[in-house]
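Biologist: Got a minute to walk me through this model? I'd like to start with the empty space inside and then move to strands and charges.

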Amino acid sequence: MTTLKKLLFNLMMLASVSVVFLACDVEDGMDGIDGIDGEDGTDGIDGEDGEDFTPDPGMFSNKSNLAPLVAMMPQFNYVNAYSIISSSDTLSNDFKLIGAQDGAGFLKDPDSDGYIYVVNAEDTYAVSRIMLDKDLKPISGEWLLNSSVGDYARQCSGTMWEAAIHGGSQDLFLSASESINYDVKGIDPYMIPTPGADFGLDALGEFSWENAVPLPKDAYSGKTVIIGGDDDSDVSEGQVTMYLSENGDADLDNGKIYVLRFKEISDNTGGKTEVTAGEIYNESDLDFQETYAVEFVEIPNGKDMTKDEMEDACVAVQASGFMRVEDVDYQKGSAANNRNVYFAVTGRGPEGNYNNWGTVYKLELDENNPLEGQLTQVISGNTNTNNEDGNVSVLQSPDNICVTENFIYTQEDPNSFSRGHSAYIYQSDLNGNNTSVVLEFVVRQDLAPNGTGLSGEYGALIDISDKVGQPGTFILNLQPHYWRDDSFRGRDGHTFTDGTYEDNQGGQIVLLQGLPR
């Protein structure tokens, strides 16, 4: 009986659970009728069109309306050239570049994030200052020196004395006067322009100055050493000069003047011999890529001499002659590197003398005494003339030179004589070997409607990599002598009234990207 009751009870509970589950399973109700859509709102007013996006061209782009007047050689196809400014451009303050751009110096602008470029106009007897923005776009220009100065002269190569590198507390542009008048001018790159002022550094003496290059202060601690090139072929011929002061690393007033003299020469049998006292020698007495002892001898009271008196004084001390010493530079890097000085000798061409096609020398100054050193001819175009021992058979009239930590860049000026090609720039190692042509000067016939020969040369080539923060960045000055226009005359703010010739050449400044250092 109890078992039956339990069974009935369980059946009743099971039935009640089923009812619960059935009760939860309800049917969906009918869908309601959709409401009426609301009206669309009024369209808003159209916004103004935005300006088209134009990317900043940056540093490596053409800034001039004229394409670069250089062409890279195939083996240097990784190097790019960009034009910065040409004589066909007009800057914001109406500044216009003139021709024969030669020596130059490059500085950071202390008043902006841009730069200052100080550059010689050789044949207009002038020096300009061009302000550049952070991407090297020219902003404005003005004249720091013009032909109104009483001792106007051809302003050839030049070097920026930078206080941080060369000593002292003041940056100073050293501009070399080659002819008409014969001094080195020291120009403050930050000054308010006084283009007719006298900037002469009389203590350096009178030569046919091509350049005056100060060595870095660490090369000779406590001394001022300036090496110069005398672009002369008369009387004493061209000299390598030295201004030396023991009175600190920035004394431009109280030093002495010296000229280079050989202590050894070739014995013409592959060896060398000591010089004979009282004899005057020249570079034909040296064999190619042989090293000879040299010294610098003083020119007493040299700072008080005229150019002609200096010629006679050089003969009197038996200074050694070179056939027109051109540009000078030193190896970059350590203090030991800085004592390695290089200079170009342009030669006289096929008319015949002891240096027809040009040479480049390496001068290793003694570590302790700058008046002693070793001299080696490391590059020569005289492969079939003179001593017939050169190594660059196409070299013609080396003029400007740029030396980095690892390379020599030799720049041609084939306007007096040539080997039938436009001006080249060569790259060589520091011993003058492994020479290759980097680029060639472009001669544009459309800029010379009456036709022209192979007429063009280079001015300064300056490594600006460290200042702009871009490795392998150089500025190069170009002198397209074939580009002439009367509108280029008198742009320096002064016009001669006595019949003196006013130059009418155009010029250009370019940027090189990726050139090995």
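Modeller: We'll take cavities, then two groups of strands, then salt bridges. Keep in mind that this is a predicted model.

Biologist: How many cavities of 30 Å³ or more does the structure hold?

Modeller: Three.

Biologist: What volume does the largest one have?

Modeller: About 80 Å³.

Biologist: Which residues lie nearest its centre?

Modeller: Glu283, Tyr354, Gln377, Asn382 and Asn387. They belong to a lining of 14 residues.

Biologist: Which strands supply at least two residues each to that lining?

Modeller: Strand 19 (359–365) and strand 20 (372–380).

Biologist: And how does the lining of the largest cavity split by class?

Modeller: Eight residues are polar, four are nonpolar and two are charged.

Biologist: Next one down. What's the volume of the second largest cavity?

Modeller: About 50 Å³. Its lining includes Trp161, His166, Tyr220 and Asp249. Pro214, Leu215, Pro216 and Lys217 are also among the lining residues.

Biologist: What's the class split there?

Modeller: Seven nonpolar, two polar and three charged in the lining of the second largest cavity.

Biologist: Trp161 caught my eye. Which residue stands opposite tryptophan 161 in strand 8?

Modeller: Leucine 172. Strand 7 and strand 8 (residues 172–177) run antiparallel, joined by five bridges.

Biologist: What sheet are they in, and in what order do the strands come?

Modeller: An open sheet of three strands, ordered 7-8-9, with antiparallel pairing. Strand 7 (155–161) and strand 9 (184–187) are the edge strands, each pairing on one side only. On average, neighbouring strands of this sheet are turned by 20 degrees against each other, direction ignored.

Biologist: Changing topic. How many salt bridges does the structure hold?

Modeller: 23. One of them joins arginine 154 to glutamate 178, with the closest N and O atoms 2.3 Å apart.

Biologist: Why does that pair tie together parts 24 residues apart in sequence?

Modeller: Because of where the two partners sit: arginine 154 is in the loop between strand 6 (138–145) and strand 7, and glutamate 178 is in the loop between strand 8 and strand 9.

Biologist: Is glutamate 178 buried or exposed?

Modeller: Buried, because its relative accessibility is 9% and the cut-off for buried is under 20%. Arginine 154 is at 23%, so it counts as partly exposed.

Biologist: Which residues share a salt-bridge network with Arg154?

Modeller: Glu122, Asp123 and Glu178 join Arg154 in one network, through salt bridges that share partners.

Biologist: Where's the partner of glutamate 162? Which residue meets it in a salt bridge?

Modeller: Lysine 467, at 3.2 Å from N to O. The two are 305 residues apart and link distant parts of the chain. Lysine 467 is in helix 5 (residues 465–468), and glutamate 162 is in the loop between strand 7 and helix 2 (163–166).

Biologist: How do lysine 467 and glutamate 162 count for accessibility?

Modeller: Lysine 467 counts as partly exposed because its relative accessibility is 23%. Glutamate 162 is at 14%, so it counts as buried.

Biologist: What about arginine 444? Which residue does it form a salt bridge with?

Modeller: Aspartate 446, with the closest N and O atoms 2.5 Å apart. Here aspartate 446 is exposed, with a relative accessible area of 53%. Arginine 444 is partly exposed, at 24%.

Biologist: Back to strands. How many residues of strand 18 (residues 340–345) are buried?

Modeller: Six of its six.

Biologist: Which ones point which way?

Modeller: Asn340, Tyr342 and Ala344 point one way from strand 18. Val341, Phe343 and Val345 point the other way. The general pattern is that side chains in a regular strand alternate between the two faces of the sheet.

Biologist: Which strand pairs with strand 18 over four bridges?

Modeller: Strand 17 (residues 325–330), in the antiparallel sense. Valine 325 stands opposite valine 345 in strand 18.

Biologist: And how many bridges join strand 18 to strand 19?

Modeller: Six, and those two strands run antiparallel. Phenylalanine 343 has tyrosine 361 as its bridge partner in strand 19. That brings us back to the largest cavity, since strand 19 supplies at least two residues of its lining.

Conventions: Residues numbered from 1 in each chain as written. Predicted model: local features only at pLDDT ≥ 70, side-chain atom pairs only at ≥ 80, totals over all residues. Heavy atoms only, no water. 1 Å grid on protein atoms, 1.4 Å probe; cavity = no way out; pocket = protein on both sides within 12 Å on 5 of 7 lines; lining within 4 Å. Points joined across faces, edges and corners; volume = space filled by probe spheres on them. Nonpolar A, V, L, I, M, F, W, Y, C, P; charged D, E, K, R; others polar. Pairing = 2+ DSSP bridges. Axes fitted to C-alpha atoms, helices over the stretch in contact; angles between N-to-C directions. Salt bridge = Lys/Arg side-chain N within 4 Å of Asp/Glu carboxyl O. Buried < 20%, exposed > 50% of the residue type's maximum accessible area, 1.4 Å probe, protein only.
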